Amino acid sequence: MDYDVKDLSLADSGKDRIEWAFQTMDVLKSIQDDFEKNKPLKGKTIGACLHVTTETANLVITLKKGGADVYLCASNPLSTQDDVAAALVKHYDIPVFAIKGEDRDTYYKHLNAVLDRKPNITMDDGADLVSLLHSERKELAGNVIGSTEETTTGVIRLKSMEKNGVLAFPVIAVNDANTKHMFDNRYGTGQSTIDGILRATNRLIAGSVFVVCGYGWCGKGLAARAKGMGANVVVTETDALRALEAVMDGFRVMPIKEAAKIGDFFCTVTGDIHVIRKEHFELMKDGAIVANSGHFDVEIDVKGLKEIAVSQRDVRPFVREYKLKDGRRIYLLAEGRLVNLSAAEGHPSSVMDMSFANQALSAKYLIEHGSELQRKVYKVPDELDSMIASLKLKSLGIEHDELTEEQKEYLASWTIGT
């Protein structure tokens, strides 16, 4: 199977959208120019399991121009943009295995199709490719130099693998780069989640009670954007420091069992399982809208919701109504999958510019230094992180100060007093 996409006739519109996104990806553009000239990935096969979006398209095009053979599959069944998948196959000769709405069997068939190419480097968003390789395709591990991971959920899984001594090769946690999580997670997730909820529902956020479950970088961004649109934001958290930070940022903090009684909108961004459960649905008011913007569809207990519902129906694209026995209606968005990519287009390209610059440079770093690394999860090297920040500022036409030699000496010295 050379590729598996929905419809190649969508390719031209996909190409237009890929080019539109690239207009605000100046950091990746500079890396692409360097890669095309110097071919740092020449002779290597890269297997990527990422959201198949316009931004991802520009990343894999960059990797190919760097000399790599690239194979791409989706990291979520609902996040694929079918026109982009078609464009990559038809116009860029990059094999893609992804169809929006694919079932579980097809999803794993596509993962295996990428692994069948025996990649030297894997790129993950959620660690599904690496997990499958470690569980059912162990024979391929010796061929892998290393991997990169895009999202918080995947990093959690990979660190667990490292802790349990089963990780077979080094992994660079792209998610933990400052130029990724401080911007992609906060500004990207914040904006795109609101975008997904609005596209799905067309409901007014101003004046509503908007419950954000989790106050990590994604939660901070979502809470800020919801507040900016006029919502009365409530935060639920299990971590005392983050809960305190939310209070100091001006939000109400309370347990989910209390928030469930008053919320109009609910959105989970925790990376953990069953944050909103059956007992919480039973407390919600009629018309409550529930969404998830974490990577996997485990944060909302959809099974529990189905158990207490007497009927269900789709009332809009990506909106399913669950009617309870007392007549109350709960509306679940995008099947509980990540709403920003299921019901909308994901993060703006100018934010993904930095995230995917990290991915491209991390792939190059693995080729150059992979043999020196242990079977551990590593952060993106500080010098790469700093370089990406500088390139982004330059692309925005912004200059910043640099330390003088005197200042450098002062910061490095213990002998200079007051």
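1. A good place to start is strand 10 (residues 265–268), which runs parallel to strand 11 and is joined to strand 11 by four bridges. Within this pairing, Phe266 sits across from Val290 of strand 11. Please keep in mind as you read on that this is a predicted model.

2. Strand 11 has a further partner: strand 14, also in the parallel sense, over three bridges. Here Ile289 has Tyr331 in strand 14 as its bridge partner. To find these strands in the viewer, look for residues 288–292 for strand 11 and 329–333 for strand 14.

3. How many of the five residues of strand 11 are buried? Five of the five are, so strand 11 is largely enclosed by the rest of the structure. The cover extends to both faces: Ala288, Val290 and Asn292 are buried on one side, and Ile289 and Ala291 are buried on the other. Val290, the residue opposite Phe266, and Ile289, the partner of Tyr331, therefore belong to opposite faces of a strand that is covered on both.

4. Now to the open sheet of seven strands. Its order is 3-2-1-4-5-6-15, and the pairing is parallel. The edges are formed by strand 3 (96–97) and strand 15 (377–379), each of which pairs on one side only. As a reminder, strands of a sheet pair through backbone hydrogen bonds, either parallel or antiparallel.

5. Inside that order, strand 1 (residues 45–50) and strand 2 (residues 69–74) run parallel and are joined by six bridges. One pair to click on is Thr45 with its bridge partner in strand 2, Asp69.

6. These two strands also bring us to the cysteines. How many disulfides does the structure hold? The number is zero. For Cys73, the closest cysteine sulfur is that of Cys49, and the 3.9 Å between the two sulfurs is too far for a bond, because a disulfide needs the sulfur atoms within 2.5 Å. Cys73 counts as buried, with 1% relative accessibility.

7. Cys267 tells a similar story. Its sulfur lies 7.9 Å from the closest cysteine sulfur, in Cys213, which is too far for a bond. Cys267 has a relative accessible area of 0% and is buried. You will find this residue within the range of strand 10, residues 265–268.

8. Next, have a look at a pair of helices. Two packed helices are described by the angle between their axes and the distance between the axes. For helix 6 (residues 128–135) and helix 7 (residues 152–163), the angle is about 30 degrees and the axes are 10 Å apart. Angles under 35 degrees count as roughly parallel, so helix 6 and helix 7 are roughly parallel to each other.

9. Which residues of helix 6 and helix 7 meet? Helix 6 brings Asp128, Val130, Ser131 and His134, while helix 7 brings Arg157, Leu158 and Met161. By character, the residues of this contact divide into three nonpolar, two polar and two charged.

10. Arg137 is worth a stop too. This residue is in the loop between helix 6 and strand 5 (146–149). Is Arg137 buried or exposed? It is buried, with a relative accessible area of 14%, since the limit for that label is under 20%. Leaving aside neighbours within four places in sequence, Arg137 is in contact with Asn112, Leu115, Asp116 and Leu132.

11. Two loop residues deserve a check of their backbone. Lys118 is not a glycine, yet has a positive phi of about 50 degrees. Its loop runs between helix 5 (104–115) and strand 4 (121–124), and Lys118 is exposed, with a relative accessible area of 52%. Glu335, also a residue other than glycine, has a positive phi near 60 degrees. Glu335 lies in the loop between strand 14 and helix 14 (339–342) and is partly exposed, with a relative accessible area of 48%.

12. Last on the tour is Ser311, in strand 12 (residues 309–316). It is partly exposed, with a relative accessible area of 35%. Setting aside neighbours within four places in sequence, Ser311 is in contact with Glu321, Tyr322 and Lys323. From Ser311 to Glu321 there are 10 residues in sequence and 8.2 Å in space, C-alpha to C-alpha.

Conventions. Residues are numbered from 1 along each chain as its sequence is written. This is a predicted model: local features need pLDDT of at least 70, side-chain atom pairs count only at pLDDT 80 or more; totals for chains, interfaces and linings use all residues. Side-chain values use heavy atoms; hydrogens and water are left out. Two strands pair if DSSP finds at least two bridges between them. Axes are lines fitted to C-alpha atoms, for helices over the stretch in contact, and angles run from 0 to 180 degrees between N-to-C directions. Angles under 35 degrees count as roughly parallel, over 145 as roughly antiparallel, 65 to 115 as roughly perpendicular and the rest as oblique. Contact means heavy atoms within 4.5 Å. Ala, Val, Leu, Ile, Met, Phe, Trp, Tyr, Cys and Pro count as nonpolar, Asp, Glu, Lys and Arg as charged, and the others, Gly among them, as polar. Buried means under 20% relative accessible area, exposed over 50%, partly exposed in between (1.4 Å probe, protein chains only).
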